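Q: I am new to this structure. Please take a close look at the surroundings of the bound ligands, and follow the residues there back to the elements that carry them.

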Amino acid sequence: MQKILITGGAGFIGSHVVRRFVTSYPTTQIVNLDALTYAGNLANLTDIESQPNYTFVKGDITDAAFIDELFKTHDFTGVVHLAAESHVDRSISDPMAFVMTNVIGTVNLLNAARIAWKGKEEGRRFYHVSTDEVYGELHDPKEFFVETTSYDPRSPYSASKASSDHFVRAYHNTYKLPVVISNCSNNYGPNHFPEKLIPLMINNIQNNKPLPVYGKGENVRDWLYVEDHARAIDLIYHEGVNGETYNIGGCNEWKNLDLVFLLCKVMDEKLGRPEGTSAQLITYVTDRAGHDLRYAIDPSKLMNELGWKPSVTFEEGLEKTVQWYLDNQKWLENVTSGNYQKYYDGMY
Ligand code: NAD
Ligand code: DAU
């Protein structure tokens, strides 16, 4: 019997991964472990929560004793580790939270797997989900991040993720833990917490609030629809090679300002406003400290070796995403009230 622990399954990407695994592998038990921080939301999973192969466990990966006990009570055949503090701006104001969850939390999971799987590693897998931000920033438009690009993390968030990647590789080298890592570009889609660029802009346009563009809006990100990331994770988990790293990206680079203008155009159409109305809300604000200029992934290895490619165009993905937020006002209201509102008000 396969039993996979998915950490961070109540978050943005994790919820899409949990849904995909629960529905695609009905004979595999899926245990979703999540601390339900401000970013975790079980409302992301209401459609699959009563499936017989799904269990939710509330718990914190920074609690080593709890994690060890979890591995003693369940014979996990695999781990897909997504739980993390994920927002760069929050890492600038509170780096220690990122050290705790992203570094210590990851090492707690690695330790528990190492001990529980000792001598029976065959057929098991520890999959660590990471980010392209570990590679630093690009300046030359002809350059792309490949799996062998040197690490150069430049924010507390990316430094914590880089550290966790190093620990995962160290456990493979030292203890022969069967691991696989992927580093992905910016995701977008349903359930994305509205502190991140795309959902924040959609929410603010809807509510006629200023659209805060950091600096001159010249930074570039490579956007991938979240279900295509979940598909890649599924493929790598099942067919990737132990010890290997796979870069995942959308080959879809956008300058922030161009993307915000595009969102304004799509929203004007959706809301029946004259074209140009929402763009008037664009406001240039103080740049993010240490703001990385450009991220761009070369996903050739994943495409050539495992046959993955993105299935959703940016036009389709953005249309689905905008429509999802318009159709899920209650979800937005719930996550933008309370603590998020306090954090957001403190940003400007
Ligand atoms: P998210 O912030 O939406 O979700 C993180 C989840 O982890 C939440 O459900 C939260 O409750 C949970 N969590 C946080 N701390 C925890 C703890 N101590 N113990 C247990 N659970 C905890 O994040 P996301 O955007 O879905 O990112 C998921 C993973 O993918 C992260 O590891 C992130 O680094 C990586 N990633 C994200 C992107 C992106 O564009 N969002 C791109 C590449 C990689
Ligand atoms: O590259 C992958 C990473 O993408 C993930 O590892 C992170 O978890 C995820 O949060 C994301 O990081 P970014 O910092 O790129 O995403 P964010 O949505 O915060 O910002 C995208 C760009 O938009 C970035 O250049 C900063 C800018 N921005 C962001 C916000 C929230 C603005 O101009 N205004 C804003 O209000």
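A: The account below starts with the ligands, then turns to the sheets and helices behind them.

The model is predicted. Around ligand 1 there are 28 residues, and I13, D34, S86, Y157 and K161 come nearest. Three polar contacts can be described one by one. The backbone of F12 places a polar atom 3.0 Å from an oxygen atom of ligand 1. The side chain of D60 has an N or O atom 2.8 Å from a nitrogen atom of the ligand. A nitrogen atom of ligand 1 also lies 3.1 Å from a polar side-chain atom of T101.

Ligand 2 has 24 residues around it, of which T131, D132, Y157, R288 and H291 come nearest. Y157 is thus listed among the nearest residues for both ligands. An N or O atom in the Y157 side chain is 2.6 Å from an oxygen atom of ligand 2. The side chain of H291 brings a polar atom to 2.7 Å from an oxygen atom of this ligand. For N256, the distance from a polar side-chain atom to an oxygen atom of ligand 2 is 2.9 Å.

Several of these residues can be traced to one sheet. This open sheet has 7 strands in the order 3-2-1-4-5-6-10, with parallel pairing. At its edges stand strand 3 (54–58) and strand 10 (245–248); each has a single partner strand, so one side of each is left without a neighbour in the sheet. From one strand to the next, the twist averages 20°. Strand 2 (residues 29–34) pairs with strand 3 in the parallel sense over 5 bridges, and N32 has F56 in strand 3 as its bridge partner. D34, listed for ligand 1, falls within strand 2.

Helix 4 (residues 95–117) packs on this sheet and touches strand 1 (3–7), strand 4 (78–81) and strand 5 (125–131), its direction making about 165° with that of strand 5. Helix 5 (residues 156–175) also packs there, touching strand 5, strand 6 (179–184) and strand 10, and its direction makes about 155° with that of strand 5. T101, described above for ligand 1, belongs to helix 4. Y157 and K161, listed for ligand 1, belong to helix 5. T131, listed for ligand 2, belongs to strand 5.

N256 leads to another sheet. There, 3 strands form an open sheet in the order 7-9-11, and the pairing is mixed. Strand 7 (186–188) and strand 11 (253–255) are the edge strands; each has a single partner strand, so one side of each has no neighbour in the sheet. Neighbouring strands are turned by 50° against each other on average, direction ignored. Strand 9 (residues 220–225) and strand 11 run antiparallel and are joined by 3 bridges. In this pairing V220 stands opposite K255 of strand 11. Helix 7 (residues 226–239) packs on the sheet, touching strand 7 and strand 9, with its direction at about 70° to that of strand 9. Helix 8 (residues 256–271) packs on it too, touching strand 9 and strand 11, and its direction makes about 90° with that of strand 11. N256, described above for ligand 2, is a residue of helix 8.

Definitions and conventions:
Residues numbered from 1 in each chain as written. Chains lettered and ligands numbered in written order. Predicted model: local features only at pLDDT ≥ 70, side-chain atom pairs only at ≥ 80, totals over all residues. Heavy atoms only, no water. Pairing = 2+ DSSP bridges. Helix = DSSP H or I, 4+ residues; strand = E, 2+ residues; numbered from the N terminus. Axes fitted to C-alpha atoms, helices over the stretch in contact; angles between N-to-C directions. Contact = heavy atoms within 4.5 Å. Near = heavy atom within 4 Å. Polar contact = N/O pair within 3.5 Å; in protein donor to acceptor, adjacent residues only side chain to side chain.
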